[in-house]
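Colleague: Would you please take a close look at a single part of this model, and then explain how the rest of the chain is arranged? A connected account, suitable for someone new to the subject, would be most welcome.

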Amino acid sequence: MDHTLLLITLGVLFLGGLVADQVGRYTRLPRVTLLLLLGLAVGPAGLGLLPDASAQWFAPISDVALTMVAFLLGGELTRENLARHGRAITAISLSVVLATTAIVWVGLSLMGMDPRLALILGAIATATDPAAIADVIRQSGIRNGFSETLSGIVAIDDVWGLIMFSLCLALVDQSGGWAGPLIGAGRDIGGAVLLGICIGVPSAFLTGRLKAGEPLQTEAIGVVFLTAGIAIWLEVSFLVAGMTAGALIANLARHHARAFHEIENIEWPFMLLFFILAGASLKVDALMSMGWIALTYMALRIVSRIAGGEIGERLGRVPATHAHAYGPALMPQAGVAVGMALVAAETLPEWEALIMTLTIAATVFFEIVGPPATYFALRRVARAR
């Protein structure tokens, strides 16, 4: 791609994102939704204004942006936060994953779908979008027990979701026995945790020494890029690796005043491009082509998130002001679900078209309506205080 076109395109996207950000401030709409809609408008499904080569930017930008999000979410898993909200984080995250899998599986099976396919789709439905939820929390400016608990849930619920997906895939696909999916999940998650430890422990003690109290911007960028690059090279989850490293730095780096201050400073340009390019990659025709199957799947996921949130709230003994808020706040869904769908489609090629089309259709819907649901849940809890 000609570098002049690259620079012009990036300049226009940054300025367009700035406009969307300002519109969000005035209308109180989540800027995530506005950026996704902007990407949808300028992408292939809309006006087709982006150059063809822009599709190649999405993977590296999303890897870096999501690793930054993982570090920040891992930073919420401090000893103090877990002491205050650990019961709620564990109860709600597990309840939502279990309820989503069960309700989507049973519902689709009752509608006449093959129960094996329904189980896989139920497992895929457990995935959330940590980037969207984290950005909505940041945009709202709300910092309370609910936002802290929600950040903790988002940090670990995709880990439970990946484990659930692997178990369901092992149940459905017996051609290669149980070992394949379970070993793959163990390697992905276990390897990512080990990588996070290898990067997080030395980073906790070495960063923040040149400038007392906080890491330099160069240190922050170096740690994030190193984590993302090695995780992709080793083919393990960069989300889990970043979360693990972030949690270790937050808990071990006692000489840091704000361990992730510089990541917060540099994160937004990457997130802006990530959401616009994510919007450009959405396939609206997939949403339109599925008909009642897509509507049923999305309705079941909404019901299951709410039901799982209600059960988790009771088990986690959350304050009364948090009641009925966690399910709606966990609606956004994105890249992790598509990753699960790709694995399922490769393992079960007879259902490849339906799995991929339905997952992409649901992603379009929940990426647009999910962030407003999260935002309104945050505002409702804040007003109830």
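Modeller: A helix is here a DSSP run of H or I that is at least four residues long, and the helices are numbered from the N terminus. In that sense, P130 is found in helix 6, and this helix is the part I shall examine closely. Please keep in mind throughout that the model is predicted.

Helix 6 covers residues 130-140, and 10 of its 11 residues are buried, so the helix is mostly covered. The word "buried" is used for a relative accessible area under 20%. The buried residues are P130, A131, A132, I133, A134, D135, V136, I137, Q139 and S140. P130 itself has a relative accessibility of 6%, and it therefore counts as buried, because the limit is 20%. Which residues does P130 touch, if those up to four places away in sequence are not counted? They are V69, L73, V154 and D158. The chain also brings P130 towards I153: the two are 23 residues apart along the chain, and their C-alpha atoms are separated by 9.6 Å. Just after helix 6, G141 takes a positive phi of about 70°.

We may now place this helix in the whole. The protein contains 16 helices and 0 strands. Of its 385 residues, 57% are buried. Among contacts between residues at least 6 apart in sequence, 84% join residues that are at least 24 apart. One pair of residues that are distant in sequence is R317 and R87: they stand 230 residues apart along the chain, yet their C-alpha atoms are 7.9 Å apart in space. R317 lies in the loop between helix 13 (292-316) and helix 14 (326-329). Is R317 buried or exposed? With a relative accessibility of 65%, R317 counts as exposed, because exposed means over 50%.

The interior can be described through the largest nonpolar core, which has 116 residues. The residues with the most contacts inside this core are I120, I124, F146, Y297 and I355. Helix 7 (residues 145-172) gives the most to the core, with 13 residues. As for F146, residues up to four places away in sequence being left aside, it touches H322, A325, Y326, A329, A377, L378 and V381.

Helix 7 also packs against helix 4. Two packed helices are described by the angle between their axes and by the distance between the axes. For helix 4 and helix 7, the angle is about 40° and the axes are 7 Å apart. Helix 4 is therefore oblique to helix 7, and it passes helix 7 in a right-handed crossing. On the side of helix 4, the residues that meet helix 7 are N81, R84, H85, A88, I89, I92, S93, L94, V97, L98 and T101. Their partners in helix 7 are G145, E148, T149, G152, I153, I156, D157, W160, G161, M164 and C168. By class, this contact of helix 4 with helix 7 has 11 nonpolar, 8 polar and 3 charged residues.

One residue of this contact, T101, deserves a few words more. T101 lies in helix 4, which covers residues 79-110. Its relative accessible area is 5%, so T101 is buried. Residues up to four places away in sequence not being counted, T101 touches L119, G122, A123, T126, M164 and C168.

Other pairs of helices can be read in the same manner. Helix 3 (residues 58-74) and helix 9 (residues 217-234) have axes that come within 9 Å and cross at roughly 115°. Helix 3 is therefore roughly perpendicular to helix 9, and the crossing is right-handed. D63, V64, T67, M68 and F71 of helix 3 make the contact with V223, V224, F225, T227, A228 and I232 of helix 9. The residues of this contact divide into 8 nonpolar, 2 polar and 1 charged.

Finally, the axes of helix 1 (residues 3-27) and helix 2 (residues 31-42) come within 9 Å and cross at roughly 140°. Helix 1 is therefore oblique to helix 2, and their crossing is right-handed. The contact involves G16, G17, A20, D21, V23, G24 and R25 of helix 1, together with R31, L34, L35 and L38 of helix 2. By class, the contact has 5 nonpolar, 3 polar and 3 charged residues.

Notes:
Residues numbered from 1 in each chain as written. Predicted model: local features only at pLDDT ≥ 70, side-chain atom pairs only at ≥ 80, totals over all residues. Heavy atoms only, no water. Helix = DSSP H or I, 4+ residues; strand = E, 2+ residues; numbered from the N terminus. Buried < 20%, exposed > 50% of the residue type's maximum accessible area, 1.4 Å probe, protein only. Contact = heavy atoms within 4.5 Å. Core = buried A, V, L, I, M, F, W, Y, C linked by side-chain atoms within 4.5 Å. Axes fitted to C-alpha atoms, helices over the stretch in contact; angles between N-to-C directions. Parallel < 35°, antiparallel > 145°, perpendicular 65-115°, else oblique. Left-handed = near helix turned anticlockwise from the far one by under 90°. Nonpolar A, V, L, I, M, F, W, Y, C, P; charged D, E, K, R; others polar.
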